[in-house]
Amino acid sequence: MPPLTVAVTGAAGQIGYALLMRIASGEMLGKDQPVRLQLIETKQGMAPLKGVMMELEDGAFPLLESVKGTSDLEEGFGDANFSLLVGAMPRKQGMERSDLLSANAAIFADQGKALSAAAAPGSRVLIVGNPANTNALVAAANAPDMLPEQFMAMTRLDQSRAEGMLAEKAGVDVKDVDRVIIWGNHSATQYPDLSHARIGGKWAKDVIKDEKWLTGDFVSRVQKRGAEVIAARGASSAASAASAAIDNIRDVHLGSEKWQSIGVLSDGSYGIGGGLWYSVPCACPGLHYTRVKGLPIDEYSAKMMNTTEAELVAERDSVRHLLPS
Ligand code: NAX
């Protein structure tokens with residue numbers, strides 16, 4: 001089988017470290033799929049990246065054909081079939097959220113241009129670095145030779161967190177839970193929705209008859225799970241984020257029976273205005289994804305979905321200067 005090329009930005013960071021060995025071992029693209037890794041870091045990140053590359057070599061992965069490290073975007077994205085945009089500027093002390101949005105938008109505008117110029121035709125891009133949805137919007141807007149569908153913003157970690165909590169509450173294995181949806185932004189306004197969820201094939205709301213938990217504790221705990229991990233670990237989620245990125249790409253590429261939430265270009269469905277990277281449930285038959293449409297939306301859900309949409313509109317407005325008209 002010919003190799004597939006995977007580019008990863010921020011490859012020497014926490015998530016990168018947890019991600020690369022698993023890609024190299026075939027967990028993302030299949031246990032018989034050779035891969036080439038192209039790792040992109042800042043100039044300062046090149047020294048730690050060298051150490052990560054040594055460890056990849058020391059892993060002696062049979063599926064890993066080659067590893068390249070660079071801070072040149074077009075070289076890093078050259079002929080990439082999949083690009084995982086993980087590296088981003090972290091929030092520094094005294095920085096307003098709008099400053100963070102602008103700083104990251106500038107990074108993702110450059111990456112969009114380089115992807116458009118250099119990546120393989122039909123490649124897929126997963127944006128992990130925050131603010132993931134708006135970074136995806138900026139990258140896609142700056143990639144004239146690519147389709148918006150090629151850019152996905154990651155909300156899979158939020159979905160996995162929600163599935164874990166639902167399984168725990170119901171006392172079942174997480175594999176028995178499906179149709180959990182994350183709507184909107186990968187932020188504290190996201191709406192983790194159980195109104196269509198199933199537990200062991202039964203409607204979750206018939207299994208868990210605790211409306212207060214379903215629309216109260218559950219929702220706020222998923223929204224704040226990142227902060228809960230930071231408080232306990234003293235560092236942000238990394239291994240679980242890497243795992244979610246692997247799950248997202250694997251399910252789109254190899255297919256999955258389960259719905260997967262992905263931040264994709266809103267197309268007006270569910271009353272969400274166009275032009276935002278808004279997380280919706282997607283079906284993954286293999287090699288592509290399609291939005292799940294036509295789900296009934298109750299009044300509470302509509303309100304929650306509009307709140308997270310409003311945040312994405314505000315984010316988009318604050319980076320308008322980086323969106324080519
Ligand atoms: P780290 O700070 O450990 O690593 C980031 C790495 O990116 C560093 O090595 C840095 O040198 C590199 N980098 C920065 N700017 C770059 C650029 N322009 N080009 C290439 N490399 C660059 O952060 P980590 O914990 O790995 O998190 C990475 C990003 O993921 C952050 O933005 C974080 O907020 C985001 N997350 C997103 C999640 C999601 O579900 N979408 C969840 C986890 C995580 O919080």
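**Figure 1. Helix α11 in the predicted model, residues 299-318.** The 20 residues of α11 should span 28 Å at 1.5 Å a residue, and the 29 Å between its end C-alpha atoms agrees with this. Seen down the axis of α11, the buried residues lie within an arc of 135°, so they line one face of the helix. These buried positions are Ser301, Met304, Met305, Thr308, Glu309, Leu312, Glu315 and Arg316. On the face turned away from the buried side, α11 carries the exposed residues Glu299, Lys303 and Asp317.

**Figure 2. Elements that cover the buried residues of α11.** The cover includes two helices, α4 (97-118) and α5 (132-141). It also includes the strands β8 (181-183), β9 (191-193) and β13 (277-284).

**Figure 3. Helix α4 and its surroundings.** For the 22 residues of α4, 1.5 Å a residue gives an expected span of 32 Å; the end C-alpha atoms are 31 Å apart, which agrees. Buried residues in α4 are Leu101, Asn104, Ala105, Ile107, Phe108, Ala109, Gln111, Gly112, Ala114 and Leu115. What covers them includes the strands β1 (4-9), β4 (82-85) and β5 (124-127). Helices α3 (73-77), α5 and α11 are also among the covering elements.

**Figure 4. Ala139 in the largest nonpolar core.** This core has 94 residues, and Val8, Ile127, Val128, Ala139 and Ala245 have the most contacts inside it. Leaving aside residues up to four places away in sequence, Ala139 touches Leu85, Phe108, Gln111, Gly112, Leu115, Val125, Ile127 and Phe151. Of these contacts, Phe108, Gln111, Gly112 and Leu115 are buried residues of α4.

**Figure 5. Ala245 in helix α10, residues 239-254.** Ala245 counts as buried because it has 25 C-beta neighbours inside 10 Å, where 20 or more are required. Ala245 touches Leu19, Leu84, Leu126, Val128 and Met154, with residues up to four places away in sequence not counted. Ala245 and Leu84 are 161 residues apart along the chain, yet their C-alpha atoms are separated by 8.0 Å. Like Ala139, Ala245 is listed with the residues that have the most contacts inside the largest nonpolar core.

**Figure 6. The residues around the ligand.** The shell has 28 residues, of which Gly10, Gly13, Ile15, Gly45 and Gly87 come nearest to the ligand. By class, 14 are nonpolar, 13 are polar and one is charged. Helix α1 (residues 14-24) provides the largest share of the shell, three residues.

Notes: Residues are numbered from 1 along each chain as its sequence is written. This is a predicted model: local features need pLDDT of at least 70, side-chain atom pairs count only at pLDDT 80 or more; totals for chains, interfaces and linings use all residues. Helices (H or I, at least four residues) and strands (E, at least two) are DSSP runs, numbered from the N terminus. The expected span of a helix is 1.5 Å times one less than its number of residues. A residue is buried if 20 or more other C-beta atoms lie within 10 Å of its own, exposed if 12 or fewer, and partly exposed in between; C-beta atoms are placed from the backbone. The arc is that of the directions from the helix axis to the C-beta atoms. Two residues are in contact if their C-beta atoms, placed from the backbone, lie within 7 Å. A nonpolar core is a set of buried Ala, Val, Leu, Ile, Met, Phe, Trp, Tyr and Cys residues joined through C-beta atoms within 7 Å. A residue is near a molecule or strand if its C-beta atom, placed from the backbone, lies within 6 Å of it. Ala, Val, Leu, Ile, Met, Phe, Trp, Tyr, Cys and Pro count as nonpolar, Asp, Glu, Lys and Arg as charged, and the others, Gly among them, as polar.
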